[in-house]
Amino acid sequence: MPPRGLAVFSVMTGVNHRVAAYGYRGGSLFERRDFSIGGVLVKHPQGDLLIDTGFGRDFREQFRTMPWIFRAVTFYTLWQPATEQLKITGYDRKSLRAILPTHSHWDHISGLPDFPGVPVWVTPREHEFIRGADTFQWGRLFSGIRYEELGFEGGPCLGFPASHDVYGDGSIVVVPAPGHTPGSVIIFVTLHNGLRYAFVGDLVWQLEGMDQREERPWISRRSDSDAEGTRENLLRMIAIKERLPELIIVPAHDMRAFAKLPALSQPRSGT
Ligand SMILES: [Zn+2]
Ligand SMILES: [Zn+2]
């Protein structure tokens, strides 16, 4: 039973200015769409988790390591990094048990160095990916991060073959969702009042990916480690949504989905 006091907050750290066509197959090339870049603070009496960090304090410097062609077509606006937002809201850092990235791409873990000493939970497969040289995987840029490997000892869950129940109370359940990266995960959070969220990372980039069964466009699927795996997990999530229509699915980059969560602080431009 999820405990009272469990809560989720969006921690938006900025936006990536895109068009709908970039978000899902069939989207318009002319419809501007801002992609959310940020994380989610899950407050739990036994220790809080930060799902993804979004843009960190050193983002500009980190971004310079990206290929010029990618930089040339990527336009972003930075708000305050998660670490600053936690500070201004008077958050007690001792409550933060771990950071749990949905996967280790640049826009999800840029803020890891802002949380020295906080464990970062990754699957063994993602940990291996982090040790590799993939351009979009920024674990390669950081040193001294305390990775802890996450096992899936919990058996099947909601159509996924295995699971990890973080506190054993069913409130935060992590399932493997390999495809976008080898060790991508989906995190289900169930509040005491029964509200249930699925933080699906980059399984889809926009909600249309689920609602219209439109996967990400060809250009972005190409960057998946295993496009078949992504497709399989997308179909799993669509089946779950059919069974549990009240489930709130939150793709990491969909502003409309994030707007359904209370915000930790009002978005503000960083300095
Ligand atoms: Zn990604
Ligand atoms: Zn992403």
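Here is a short walk through a zinc site and two backbone oddities in this predicted model.

**Stop 1: the zinc ion (ligand 2).** Select ligand 2 and show its donors: Asp-107 and Asp-202 each offer an OD atom, while His-108 and His-253 come in through NE2, with distances of 2.0 to 2.5 Å. Turn on angle labels and you'll get 81 to 155 degrees among the 4 donor atoms, so the site is classed as irregular, given that a tetrahedral label needs all angles between 85 and 135 degrees. For reference, ideal angles for four tetrahedral donors are 109.5 degrees. If you want to spot the donors in the sequence viewer, look for the spacing D-H-x93-D-x50-H.

**Stop 2: the neighbouring zinc.** Keep Asp-202 selected and add ligand 1. Asp-202 bridges the zinc ion (ligand 2) and the zinc ion (ligand 1), and the two ions sit 3.5 Å apart. Now colour by secondary structure: His-108 is in helix α5 (residues 106-109) and Asp-202 is in the loop between β11 (196-201) and α7 (208-211), so this pair ties together parts 94 residues apart in sequence. Switch on a surface, and both His-108 and Asp-202 turn out to be buried.

**Stop 3: Asp-52.** Jump to the loop between β3 (48-51) and α2 (59-63), where you'll find Asp-52. Its phi is positive, about 65 degrees, though Asp-52 isn't a glycine. Asp-52 counts as buried because its relative accessibility is 4%.

**Stop 4: Leu-158.** Finish in the loop between β7 (147-149) and β8 (164-165), home of Leu-158. Here's another non-glycine residue with a positive phi, near 50 degrees. Leu-158 has a relative accessible area of 19%, so it is buried, the cut-off being under 20%.

Note on methods:
Residues numbered from 1 in each chain as written. Chains lettered and ligands numbered in written order. Predicted model: local features only at pLDDT ≥ 70, side-chain atom pairs only at ≥ 80, totals over all residues. Heavy atoms only, no water. Donors = N, O, S within 2.8 Å, 3.2 Å for Na, K, Ca; no water. Tetrahedral: all angles 85-135°; square planar, octahedral: opposite > 155°, others 65-115°. Helix = DSSP H or I, 4+ residues; strand = E, 2+ residues; numbered from the N terminus. Buried < 20%, exposed > 50% of the residue type's maximum accessible area, 1.4 Å probe, protein only.
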